[in-house]
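Please examine the model shown here, together with its sequence. The paragraphs after it give a guided reading.

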Amino acid sequence: MPTNFYREIINDHNLHPGNKHTLENANLTLRGVNPSCGDDITLLLRVEDDQITDGAYTGDGCAISQASADIMLDLVIGRSKEEALRLADIFLRMIKGSVSDEEMEELEEAGALIDVSHMPARVKCAVLGWHTLENMLKLPES
Ligand code: ZN
């Protein structure tokens, strides 16, 4: 039963992504590519005083890569950089299969991607947006 519910969340974000658009006032932009599947996204963030005040993504790819990026943005917009990095760490550990129930709750809809931990071929799709986010936020301040 949970699996069908999770699939609905992923389908919904893939078909109706609320965060898939350009962001004219973005001050951080980074492209992430997963050649093994053909996923190619660009993540755009507006960061002010260490707070992610807005975000979006553009690009193309499979349902899992697109839904994962869309869900991730829902979760991190409005958070501090530090909180976003902590959530990314939890998500990446969930995919590797080591996450607590409390941490799963913090991931909200991103927890729907837990099934990917049993699908090795799709792992790179699910983590693409999150790795790109980590890379962006860990870059030294310019
Ligand atoms: Zn993919």
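What follows moves from the metal site to the helix packing and then to individual residues.

The model is a predicted one. A suitable point of entry is the zinc ion, whose protein donors are Cys37 (SG), Asp39 (OD), Asp39 (OD), Cys62 (SG) and Cys125 (SG). These donor atoms lie 2.2 to 2.7 Å from the zinc ion. Along the sequence, the donor residues follow the spacing C-x1-D-x22-C-x62-C. The site links distant parts of the chain: Asp39 belongs to strand β2 (residues 39-48) and Cys125 to helix α5, with their positions 86 residues apart in the numbering. Asp39 has a relative accessible area of 0% and is therefore buried, the limit for that class being under 20%. Cys125, with a relative accessible area of 1%, is likewise buried.

Helix α5 (residues 123-138) also takes part in helix packing. One partner is helix α2 (residues 63-76), whose axis comes within 7 Å of that of α5 and crosses it at roughly 40°. This angle makes α2 oblique to α5. The crossing of the two helices is right-handed. On the α2 side, the contact involves Ile64, Ser65, Ser68, Met72, Leu75 and Val76, and these meet Cys125, Ala126, Gly129, Trp130 and Leu133 of α5. By class, the residues of this contact are eight nonpolar and three polar, with no charged residue. Cys125 thus appears in two settings, as a donor of the zinc ion and as a member of the contact of α2 with α5.

The other partner to consider is helix α3 (residues 81-96), whose axis and that of α5 come within 10 Å and cross at roughly 155°. The two helices are therefore roughly antiparallel to each other. Their crossing is left-handed, whereas that of α2 and α5 is right-handed. From α3, the contact draws on Lys81, Ala84, Leu85, Leu87, Ala88, Phe91, Leu92 and Ile95. From α5 it draws on Val123, Ala126, Val127, Trp130, His131, Leu133, Glu134, Leu137 and Lys138. This contact comprises 13 nonpolar residues, one polar residue and three charged residues. Ala126, Trp130 and Leu133 of α5 are listed in the contact with α3 and also in the contact with α2.

Attention may now return to strand β2, in which Asp40 is found. Asp40 is partly exposed, with a relative accessible area of 24%, while Asp39 is buried. Leaving aside neighbours within four places in sequence, Asp40 is in contact with Arg31, Gly32, Val33, Thr58, Gly59, Asp60 and Leu128. Asp40 and Thr132 are 92 residues apart in sequence, yet their C-alpha atoms are 11 Å apart in space.

Two loop residues deserve a separate look for their backbone conformation. Asp49, in the loop between β2 and β3 (51-60), has a positive phi of about 50° although it is not a glycine. Its relative accessible area of 76% places Asp49 in the exposed class. Glu108 lies in the loop between α4 (101-106) and α5, and its phi is near 50°, again a positive value in a residue other than glycine. At 53% relative accessibility, Glu108 counts as exposed.

Notes
Residues are numbered from 1 along each chain as its sequence is written. This is a predicted model: local features need pLDDT of at least 70, side-chain atom pairs count only at pLDDT 80 or more; totals for chains, interfaces and linings use all residues. Side-chain values use heavy atoms; hydrogens and water are left out. Axes are lines fitted to C-alpha atoms, for helices over the stretch in contact, and angles run from 0 to 180 degrees between N-to-C directions. Helices (H or I, at least four residues) and strands (E, at least two) are DSSP runs, numbered from the N terminus. Angles under 35 degrees count as roughly parallel, over 145 as roughly antiparallel, 65 to 115 as roughly perpendicular and the rest as oblique. A crossing is left-handed if the near helix is turned anticlockwise from the far one by less than a right angle, and right-handed if clockwise. Contact means heavy atoms within 4.5 Å. Ala, Val, Leu, Ile, Met, Phe, Trp, Tyr, Cys and Pro count as nonpolar, Asp, Glu, Lys and Arg as charged, and the others, Gly among them, as polar. Donors are N, O and S atoms within 2.8 Å of the metal (3.2 Å for Na, K and Ca); water is not among the atoms, so sites may look incomplete. Buried means under 20% relative accessible area, exposed over 50%, partly exposed in between (1.4 Å probe, protein chains only).
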